[in-house]
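Visitor: I am new to this structure and would like a close look at a single part of it. Please take one helix and then follow what lies around it.

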Amino acid sequence: MAESAFGAVMRLLRERRGLSLRELGTLADTDHAYIAKIERGEKEAPPEETFARLARSLRTSAHEISLLRFLGATPNIAPDLAVHAVGDLEVTPELLTIAASTVHRGAGRPSPAELIVRAKRAKRIMEGNE
Amino acid sequence: MNEFEAELKARRFVQEVGITTIPVDLAKYLAPFKGKIAEDQLDDDEAGYTMTVAGRGPLITLNANDREARRRFTACHEVGHLVLELPSEHELGPGWSYFRRPLHEICCDVFAAELLLPYKLFIAQAGNRSLNFATVDELRILFKASREATASRLAATSKMACGYVLSEGGQVRHLVRSAALRAANAWLPPGSPVPSQSAAHGLRVGTDFSGERTHAGDVWFDGWGDVEMIESSIFIRGYDQTLTLLSCADQDDVDAISQKQREERSDGDDGLLKPLDGQLPWPSGKRRG
């Protein structure tokens, strides 16, 4: 199974804290094999109670929690776009949805950062602010 | 979804939107979706993209560096994705080439050609004009379309036996045929070499400068030696492409080819049932032992 956006962000947050899968499993009282499967995209986002324990153990910010909840419920977001969103506080679920809706014409593919810039512009134009 | 369905849906869409003037006002195609068109400086390998803002509509962004005709085609192609509800499939190959071009993208191209050069409006303008690149240039200015799209349309909608060949790197990319040429089974396999006796080949290798030539039809099509064919070609050096319009000098020659093919088919009826002659084949008088 391909890596999921939720799993990719979970992995990023775990590695940012310098935790191994076993260490996170111990801290969050969750099977480390289960966490590994989530990260690989072999399991969907966990139920709320487990999610809360993992988020607490990873010391996630409000932005990251909001992002993870959105990614858990929205499977069509590209992992690299989601990972970019972790470091950009301006990226809202709405912007991610707009960026993920992109239909390309041509072989060129913009970077996740460029996609977000475009999504912001698209929002401004469609709301009549540009 | 196939090309034929895409064409039919495009014609219906043009009719529903109510396009009556040329060049076509593209905003009318976006209106049903509450969509907008914008431009941006994009890289050469990106003609445009569409982003949808929930509750608002789609925004089609076009590469400001492209020619107007290409930008218009791109916009219509994106409308094709919206109307046909086909996802993008550009990952398999370069967008500018028909080689390995995914079916979704070909369908959206067919759709775009119909939007940019609507059948009824195109026929009204093309009428009985000569099949050459002077005509193509006049029409493409009227419709603000590319030379390729207009030439392709001109051949496809002609009542005469004619065709448009796009070649790239000395090889045929595709042949667009009029109904009469299709009926006569004229065919060029994609990837086959541009014929060495053609004006297209001459332009490419620098031995022909006019691009106009009248020759036997079998220069381009096998078995067409009895047909006199008029070729009009141009060469686009930057893309190593030749654009060729082929028409038959005398329509009767094409009819003769069709007739000959029918006769050949009827001569080879071995294995088929005999025509009914009113005589029952039984009893045969033979008994099984």
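Guide: What follows starts with one helix of chain B and then moves to the sheets. The model is a predicted one.

The helix is α1 of chain B, residues 3–17. Its 15 residues, at 1.5 Å a residue, should span 21 Å, and the C-alpha atoms at its ends are 21 Å apart, so the two values agree. At the start of α1(B), N2(B) has a side-chain oxygen that comes to within 3.1 Å of the backbone nitrogen of F4(B). Just after the helix comes G18(B), with a positive phi of about 85 degrees.

Next, the two sides of the helix. A6(B), E7(B), A10(B), F13(B) and V14(B) are the buried residues to note in α1(B). Around the axis they cover an arc of only 125 degrees, which means that they are on the same side of α1(B). An α-helix has 3.6 residues a turn, so residues three or four places apart point the same way. On the face turned away from the buried side are the exposed residues F4(B), Q15(B) and E16(B). The buried residues of α1(B) pack against four helices of chain B: α2 (27–30), α3 (68–84), α4 (103–116) and α7.

The loop between α1 and α2 of chain B contains T20(B). With a relative accessibility of 58%, T20(B) counts as exposed, because the cut-off for exposed is over 50%. T20(B) and S158(B) are 138 residues apart along the chain, and their C-alpha atoms are separated by 21 Å.

Of the helices that α1(B) packs against, α4 is the one that holds E105(B). The relative accessible area of E105(B) is 0%, so E105(B) is buried, the cut-off being under 20%. The side chain of E105(B) makes a polar contact of 3.3 Å with the side chain of H81(B).

The helix α3(B) leads on to a sheet shared by the two chains. This open sheet has 4 strands in the order β1(A)-β2(B)-β3(B)-β1(B), and its pairing is mixed. At its edges stand β1 (103–106) of chain A and β1 (36–40) of chain B; each has a single partner strand, so one side of each is left without a neighbour in the sheet. On average, neighbouring strands here are turned by 20 degrees against each other, direction ignored. Strands β1(B) and β3 (residues 57–63) of chain B are joined by 5 bridges and pair in the parallel sense. Opposite K36(B) stands L59(B) in β3(B). The helix α3(B) packs on this sheet, where it touches β1 of chain A as well as β1, β2 and β3 of chain B; its direction makes about 150 degrees with that of β3(B). Chain A also supplies a helix, α8 (residues 112–126), which lies across β1, β2 (46–53) and β3 of chain B and runs at about 60 degrees to β2(B).

The helix α7(B) leads to another sheet. This one is open, with 5 strands of chain B in the order β5-β4-β8-β7-β6 and antiparallel pairing. Its edge strands are β5 (171–177) and β6 (212–216) of chain B, each of which pairs on one side only. From one strand to the next the twist averages 25 degrees. Two helices of chain B can be placed against these strands. Helix α6 (residues 133–143) packs on the sheet and touches β7 and β8 of chain B, its direction making about 110 degrees with that of β8(B). Helix α7 (residues 147–157) lies across β4 (162–168), β5, β7 and β8 of chain B, and runs at about 150 degrees to β4(B).

Within the sheet, β7 (residues 228–236) and β8 (residues 241–248) of chain B run antiparallel and are joined by 8 bridges. S233(B) stands opposite T244(B) in β8(B), and F235(B) has T242(B) of β8(B) as its bridge partner. The two strands form a hairpin with 4 residues between them, and in the turn D240(B) has a positive phi of about 50 degrees. On the edge, β6(B) is joined to β7(B) by 5 bridges, and these strands run antiparallel. There H215(B) stands opposite M229(B) in β7(B).

Definitions and conventions. Residues are numbered from 1 along each chain as its sequence is written. Chains are lettered from A and ligands numbered from 1 in the order in which they are written. This is a predicted model: local features need pLDDT of at least 70, side-chain atom pairs count only at pLDDT 80 or more; totals for chains, interfaces and linings use all residues. Side-chain values use heavy atoms; hydrogens and water are left out. Two strands pair if DSSP finds at least two bridges between them. Axes are lines fitted to C-alpha atoms, for helices over the stretch in contact, and angles run from 0 to 180 degrees between N-to-C directions. Contact means heavy atoms within 4.5 Å. The expected span of a helix is 1.5 Å times one less than its number of residues. Buried means under 20% relative accessible area, exposed over 50%, partly exposed in between (1.4 Å probe, protein chains only). The arc is that of the directions from the helix axis to the C-beta atoms. A polar contact is a pair of N or O atoms within 3.5 Å; within protein, one must be able to donate a hydrogen and the other to accept it, and residues adjacent in sequence count only if both atoms are side-chain atoms.
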